[in-house]
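Me: I'd like a close look at one small part of this protein, please. Start with a single loop residue and its surroundings, then walk me outward from there.

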Amino acid sequence: MSTTEHAAQLVAQFIQTDGLHPTAIPRLHLIRMSRPTEPLYDVQRPAVCIIVQGSKQVMVGERIYTYDEAKHLVVSVDVPITGMVQRASAEQPYLCVFLELDPVILAGLLLETGQGASAAASGPGVGLSETTPEVLDAVARLVGLLANPADAPFLAPLAEREILYRLLQGEQGERLREIANPDSRLAQVNRAISWIKRNYDQPFRIETVAEEARMSASSLHQHFKAVTALSPLQYQKQLRLQEARKLILAGNLDAASAGHAVGYDSPSQFSREYARLFGAPPLRDVARLRADPQALTYA
């Protein structure tokens, strides 16, 4: 049995239903889907996503990332994504290990290994790399600890640190080192993102967000788009539309009221931009989703 097959067998052992499953191990989530999905929309938080069975495509802005058992995805910043599981079946479901990235743990690991945190100008906040047998072996040991709750508090941090250590030595090392540096360009972009997330339903001037990020307006726009593949305004728009969709689906508000709640003054503009992102106007989109609840499952 290969390392990948062993990891897939372990993940399958702990999740039998589709969706995102938090675990008793901090920051560790397991994901299962038994069929290909339509586009799923979410704001991806910093994490490493390691597929052990199946494949997926993720779109960030106009950038497209396709990965499977051979490659893993590293996300260094909160970013709106569109994801589709491409290869999955009832017999061989899509299985993914999702490990949130903790800047404090990364900074401590860099300090212990004598590696400096990166201050380089930010590139894309999402990247793909080859999944090595060493990474998969550490992932399998981390997941396997779910069967031993008494051991997990002591051994899970060691397995997590090994995963991060091996990722730091690979192609995504620079991206991970940026996460650990509070003075990096990525940290500045993160401050801007935090401000937009807190104020997504309010109009803003780029100068206001730039001041929060401690950058000039032109520098913020340049680095923000380099990291997220979106301008600050496009980022805000995606947050607004995703939140409005949740409000309509929950049955709390009609389309016009949901648009107004997230900051749109014009119902027609809201409907146009909603259809542009989700592929259909609000009422038709929500009716389709309610007819197929699995289309809402995070993957």
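Reply: Let's begin with Pro39, which counts as partly exposed because its relative accessibility is 34%, in between the cut-offs of 20% for buried and 50% for exposed. Keep in mind that you're looking at a predicted model. Pro39 sits in the loop that links β2 to β3 (40-44). Who are its partners once you skip residues up to four places away in sequence? Pro39 touches Thr82, Gly83 and Met84. Take Met84: it is 45 residues from Pro39 in sequence, yet their C-alpha atoms are just 4.9 Å apart in space.

Now look at strand β8 (residues 79-87), where you'll find Val85. Is Val85 buried or exposed? Val85 has a relative accessible area of 2%, so it is buried. For a pair with a wider gap, try Val85 and Val227: they are 142 residues apart along the chain, and 24 Å separates their C-alpha atoms.

Next, go back to β2 and check the loop between β1 (19-22) and β2, which holds Arg27. Arg27 isn't a glycine, but it has a positive phi of about 75°. That is worth a second look, because most residues other than glycine have a negative phi. With a relative accessible area of 26%, Arg27 is partly exposed. There's another case in the loop between α7 (206-213) and α8 (217-228), namely Arg214. Its phi is positive too, near 65°, and again the residue is not glycine. Arg214 has a relative accessible area of 62%, so it counts as exposed.

β2 also leads us to helix α3, since the buried residues of α3 pack against α1 (3-14), β2 (28-33), β4 (47-53), β9 and α4 (152-168). Which residues of α3 are those? The buried ones are Val135, Leu136, Ala138, Val139, Ala140, Leu142, Val143 and Gly144. You can check the helix's length yourself: α3 (residues 133-144) has twelve residues, so at 1.5 Å a residue it should span 16 Å, and its end C-alpha atoms are indeed 16 Å apart.

Zoom in on Val135, which belongs to α3. Its relative accessibility is 3%, so it counts as buried. Setting aside neighbours within four places in sequence, Val135 is in contact with Ile50, Arg166 and Leu167. Tyr165 is 30 residues from Val135 in sequence, and the C-alpha distance between the two is 9.3 Å.

For a helix pair, jump to α11 (residues 267-278) and α12 (residues 282-291): their axes come within 9 Å and cross at roughly 40°. Because of that crossing, α11 is oblique to α12. On the α11 side, the contact is made by Phe270, Ser271, Tyr274 and Phe278, while α12 brings Pro282, Asp285 and Val286. Sorted by class, that contact has five nonpolar residues, one polar and one charged.

Finally, how confident is the predictor? The chain's pLDDT averages 92, and 95% of the residues score at least 70. Among the elements, strand β9 (residues 94-100) has the highest mean pLDDT, at 98, and helix α5 (residues 173-179) the lowest, at 87. As a reading habit, don't read predicted coordinates in detail where pLDDT is low.

Conventions:
Residues are numbered from 1 along each chain as its sequence is written. This is a predicted model: local features need pLDDT of at least 70, side-chain atom pairs count only at pLDDT 80 or more; totals for chains, interfaces and linings use all residues. Side-chain values use heavy atoms; hydrogens and water are left out. Axes are lines fitted to C-alpha atoms, for helices over the stretch in contact, and angles run from 0 to 180 degrees between N-to-C directions. Helices (H or I, at least four residues) and strands (E, at least two) are DSSP runs, numbered from the N terminus. Angles under 35 degrees count as roughly parallel, over 145 as roughly antiparallel, 65 to 115 as roughly perpendicular and the rest as oblique. Contact means heavy atoms within 4.5 Å. Ala, Val, Leu, Ile, Met, Phe, Trp, Tyr, Cys and Pro count as nonpolar, Asp, Glu, Lys and Arg as charged, and the others, Gly among them, as polar. pLDDT is the predictor's confidence in each residue, from 0 to 100. The expected span of a helix is 1.5 Å times one less than its number of residues. Buried means under 20% relative accessible area, exposed over 50%, partly exposed in between (1.4 Å probe, protein chains only).
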